Amino acid sequence: MMNTIYKVQTDKSIFNAKNDLVNNLKTIGFGVLFELNFKDKVEEKGFKLANNFIMMDVCNPSTASEILTQNIEMGYILPCKVVIYENNDQRYVGLLKPTIMVDLISTEYRKIAQEIEEKMINAINLSA
């Protein structure tokens, strides 16, 4: 099976890891477009979820503009998704690998996806 995610364990609270991740992503030109804590959302609807699971859609506007100008269908896989979550008393920071996602549409953009992935993994490692 292909390794589609990258994740690292952290000793930080998920909220401290999230704040650090947002700041580290900013240093590489990424901003958060959307954030959702599934635990809060499902509890709003009357259901229970034992652990926090924060999902963020993040984007580098310059790269997104370049890619979408060349191939609008790449928008199906944008923006990049990063997560911070709790599981079995452990906390993790991770992402769905852009290299895997880009290959679903066009291998032509794999080099760009690889560069983005490396930068995002570095930001995640610094945040954990």
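# Close-up views of a predicted model

**View A. Asn23 sits in helix 1.** The model shown here is predicted. Asn23 is partly exposed because its relative accessible area is 43%, between the 20% limit for buried and the 50% limit for exposed. A residue far along the chain belongs in this view too: Ala123 is 100 residues from Asn23 in sequence. In space, the two C-alpha atoms are 8.8 Å apart.

**View B. Strand 3 pairs with strand 4.** Strand 3 covers residues 53-59, and strand 4 covers residues 80-87. The two run antiparallel and are joined by six bridges. One residue pair to look for is Met56 and Val82, which stand opposite each other. Val82 belongs to strand 4.

**View C. Strand 4 also pairs with strand 5.** Strand 5 spans residues 90-96. Here again the strands are antiparallel, with six bridges between them. Ile84 has Val93, in strand 5, as its bridge partner. The two strands form a hairpin with two residues between them. In this hairpin, Asn88 adopts a positive phi near 50 degrees.

**View D. The largest nonpolar core holds 20 residues.** Which residues have the most contacts inside this core? They are Leu21, Met56, Val58 and Met120. Helix 1 (14-27) and helix 5 (110-127) each supply at least two residues of the core. So do strand 3, strand 4 and strand 5. Another core, of six residues, lies apart from this one. Its members include Ile67, Ile77, Val102 and Ala113.

**View E. Met56 and its contacts, leaving aside neighbours within four places in sequence.** Met56 is in contact with Lys18, Leu21 and Val22, among others. Its contacts also include Val32, Phe34 and Glu35. Cys80, Lys81, Val82 and Ile84 touch Met56 as well. One of these, Val82, is the residue that stands opposite Met56 in strand 4.

**View F. Glu117, in helix 5, is buried yet has no salt bridge.** How far away is the nearest side chain of opposite charge? It belongs to Lys97 and is 4.7 Å away. A salt bridge needs a separation within 4 Å, so this pair does not count as one. The Glu117 side chain does make a polar contact, at 2.5 Å, with the side chain of Thr99. Not counting residues up to four places away in sequence, Glu117 touches Lys97, Pro98 and Thr99.

Conventions: Residues numbered from 1 in each chain as written. Predicted model: local features only at pLDDT ≥ 70, side-chain atom pairs only at ≥ 80, totals over all residues. Heavy atoms only, no water. Pairing = 2+ DSSP bridges. Helix = DSSP H or I, 4+ residues; strand = E, 2+ residues; numbered from the N terminus. Core = buried A, V, L, I, M, F, W, Y, C linked by side-chain atoms within 4.5 Å. Buried < 20%, exposed > 50% of the residue type's maximum accessible area, 1.4 Å probe, protein only. Contact = heavy atoms within 4.5 Å. Lys, Arg positive; Asp, Glu negative; His and termini not counted. Polar contact = N/O pair within 3.5 Å; in protein donor to acceptor, adjacent residues only side chain to side chain.
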